[in-house]
Amino acid sequence: MTSRKDSSSAKNIDDEIDAIAEAPEWRSVAINPGPRETLRSPFGGHATIPKPPRVGFNSSDDASNEVIDKNAFFNTDSKTPPVDPAPTTDKASQSSNWTPVKLRPVPAFYPLEKSSRFVDDMLNEVAARISECLRVSSVQAIYDNETATANLMTAENLEMHLSLWDTSEQPDHPDGIVVELQRRKGDSITFHRYSRHILDAAIGDFDLPQFVRQNGTDIDREYSRKVERLLSMQHDAGDENENAIIAIEIAHGLLMKDRMDARQLGLESLCLLTDPRKTGKATAMIASKIVLLGTAQDSEEQEGIISQDGMVFDETPFQEIRETVLSLIQLRRIGDEGEFSDDDTDSEDEYDGATAAHANNKPEESEHITLLHNLALAVLANALDVMENYEAYASDIDKEQEDTKMPANRVRADTSDSIASKFMEDAKDFTNLEILSTLIQELGKAQHKPHNACLSAKCLRSLCGASDDAQRRAKELGAKNVVNTALDVGVKTHAKLEKECKLVVKVLTATTTDNDNTTTSASTTTSQPPSQPSDPQHRQP
């Protein structure tokens, strides 16, 4: 019995040996990887592609003992870069709005954007240069010193994200800082304009004094000059007026749609039509009067806009445009839609200070109304600026029309003062709210909404510069204190807001001085008896 078991066991062993012998033989070969490919590095110069490091594995000679280390993937500790913590003597660094305390290394498998630069400089100096560039460019920035990032918003509603990365742990790259700029929302062409200046400022190649001398606080000034030269070549005033009416009617059609993108496009069209630098003075005057008064005619005119052709336009769309702009500015709505409240002005955690809607409103609708509110303020600011210079623009247009069929020296019934007064009256009748009070309240939110505050300051400056009633009413509403507070915000973070607030202060101060001088001269004249003229020709018979 025992011998039979031993023989069967031996047979099984022989079968296993034969199976192992017949198994395929596994061999390992080493493939020559060849020369490394050379690419242009975002950190400057050229760099080779290194072998990817083994991330998340415990080091061990035995491959069978390699186990994925989850903590290596989810470790949130950031290493402090080798930055000298000693305070700098640079004045710009000491007054910087951005003081990051540490940098994060570039994450594994993280592709850097093409809009990035390598900087071999001190952290505080890089942050100071970027902060100053953002202030001069009037870009709203919400800084995070812990993560060395910033959320940016431009006046064109372009959203960007700025990050500073540490490169000390990157193989085959020098130690330094990578400045990365990402576009989150908005126009790509506008993004490249801003990114070029911001990245140049990061490496120290952006000449801020020269930029201010050439462009002031307008980053698009260079392109506006080119458009103005093209507009100066057009001389057919009749066609310009007709084309302006057609363009305004198209904008009205977009505003009356219920689609978000159509309404935004309609307001953006009005922004262009009310800007004389981009459409011409004649078109801007027509569009501005429609926005402010709901009509393209003078107060005492009964003819159409192009009177020599006998053309009369239906002005119902023009009135709807004015009502839409006023509703968005004062009521934060379009037509009979639900009103959006503005109750988050005390929150500093919100990036763009987006208004909080009622409970039954969706977040995307709140964001959309916030965008339309900003565009409506921009349209009103352009229209009031044209209205303030109404007489000068009208004179220039009359000179250009001397050789056309249009009457060159046509008498205009409206003036800047009459347009401003009628606009304020109509706005109060339509919404039961004073437009000056709305603008002052918007200016008071400069800390959280500097772009809207800048547009409100521009509107106040134009109204106070055109109407004495607006000047007196603005003082009664406490505009001086609000403007001074907004001015402090503009000096620190927003150059355009600083400029507009200074102009408002100048208008209000000049008005006070003029009134004091007028009162003094009037009292002097009353206290002294009138003197008789010495010239016999001026004596009464």
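Me: How many disulfides does the structure hold?

Reply: A disulfide is a covalent bond between the sulfur atoms of two cysteines. In this predicted model, the structure holds zero disulfides.

Me: How far is the sulfur of Cys459 from the closest cysteine sulfur?

Reply: The cut-off for a disulfide is a pair of sulfur atoms within 2.5 Å. The closest cysteine sulfur to that of Cys459 belongs to Cys454, and because the separation is 9.7 Å, the two are too far apart for a bond.

Me: Are Cys459 and Cys133 buried or exposed?

Reply: A residue is called buried when its relative accessible area is under 20%. Cys459 has 0% relative accessibility and therefore counts as buried. Cys133 is likewise buried, at 0% relative accessibility.

Me: What is the overall make-up of the chain?

Reply: The chain has 20 helices and eight strands. Of its 541 residues, 42% are buried.

Me: What share of the contacts joins residues 24 or more positions apart?

Reply: The count is restricted to contacts with a separation of 6 or more, and residues 24 or more positions apart account for 66% of them.

Me: Which individual pairs illustrate separation along the chain beside separation in space?

Reply: One pair is Leu123 and Asp166, which are 43 residues apart along the chain, with their C-alpha atoms separated by 9.9 Å. Leu123 belongs to helix 4, residues 123–136, and is buried, with a relative accessible area of 4%. Another pair is Val212 and Val136: these are 76 residues apart along the chain, and their C-alpha atoms are separated by 7.8 Å. Val212 lies in helix 6, residues 208–215, and is partly exposed, its relative accessible area being 40%.

Me: At what angle do the axes of helix 12 and helix 13 cross?

Reply: The general approach is to take the angle and the approach of the axes, then the handedness, and then the residues that make the contact. Helix 12 (residues 316–331) and helix 13 (residues 363–388) have axes that come within 9 Å and cross at roughly 120°. Helix 12 is therefore oblique to helix 13. The crossing in which helix 12 passes helix 13 is left-handed.

Me: Which residues make the contact of helix 12 with helix 13?

Reply: Helix 12 contributes Val325, Leu328 and Ile329, while helix 13 contributes Leu372, His373, Ala376, Leu377 and Leu380. By class, this contact of helix 12 with helix 13 has seven nonpolar residues, one polar residue and no charged residues.

Me: Where is Asn374 placed, and which residues is Asn374 in contact with?

Reply: Asn374 is placed in helix 13. With neighbours within four places in sequence left aside, Asn374 is in contact with Ala155, Asn157, His451, Asn452 and Leu455. Asn374 is buried, with a relative accessible area of 7%.

Me: How do the axes of helix 16 and helix 17 cross?

Reply: The procedure may be repeated here. The axes of helix 16 and helix 17 (residues 450–466) come within 8 Å and cross at roughly 140°. This makes helix 16 oblique to helix 17, given that the cut-off for roughly antiparallel is over 145 degrees. Helix 16 passes helix 17 in a left-handed crossing.

Me: Which residues make the contact of helix 16 with helix 17?

Reply: From helix 16 come Leu436, Leu439, Ile440, Glu442 and Leu443; from helix 17 come Asn452, Ala453, Ser456, Ala457, Cys459, Leu460 and Leu463. Sorted by class, the residues of the contact of helix 16 with helix 17 are nine nonpolar, two polar and one charged. Two names recur from earlier turns: Asn452 is among the contacts of Asn374, and Cys459 is buried.

Me: What is the phi of Phe109, and what is that of Asn432?

Reply: Most residues other than glycine have a negative phi. Phe109 has a positive phi, near 60°, and the phi of Asn432 is also positive, near 60°.

Me: Where are Phe109 and Asn432 found, and are they buried or exposed?

Reply: Phe109 is in the loop between strand 3 (104–105) and strand 4 (116–119), and is exposed, with a relative accessible area of 74%. Asn432 is in the loop between helix 15 (416–431) and helix 16 (435–443). At 65% relative accessibility, Asn432 counts as exposed.

Technical notes:
Residues are numbered from 1 along each chain as its sequence is written. This is a predicted model: local features need pLDDT of at least 70, side-chain atom pairs count only at pLDDT 80 or more; totals for chains, interfaces and linings use all residues. Side-chain values use heavy atoms; hydrogens and water are left out. Axes are lines fitted to C-alpha atoms, for helices over the stretch in contact, and angles run from 0 to 180 degrees between N-to-C directions. Helices (H or I, at least four residues) and strands (E, at least two) are DSSP runs, numbered from the N terminus. Angles under 35 degrees count as roughly parallel, over 145 as roughly antiparallel, 65 to 115 as roughly perpendicular and the rest as oblique. A crossing is left-handed if the near helix is turned anticlockwise from the far one by less than a right angle, and right-handed if clockwise. Contact means heavy atoms within 4.5 Å. Ala, Val, Leu, Ile, Met, Phe, Trp, Tyr, Cys and Pro count as nonpolar, Asp, Glu, Lys and Arg as charged, and the others, Gly among them, as polar. Buried means under 20% relative accessible area, exposed over 50%, partly exposed in between (1.4 Å probe, protein chains only).
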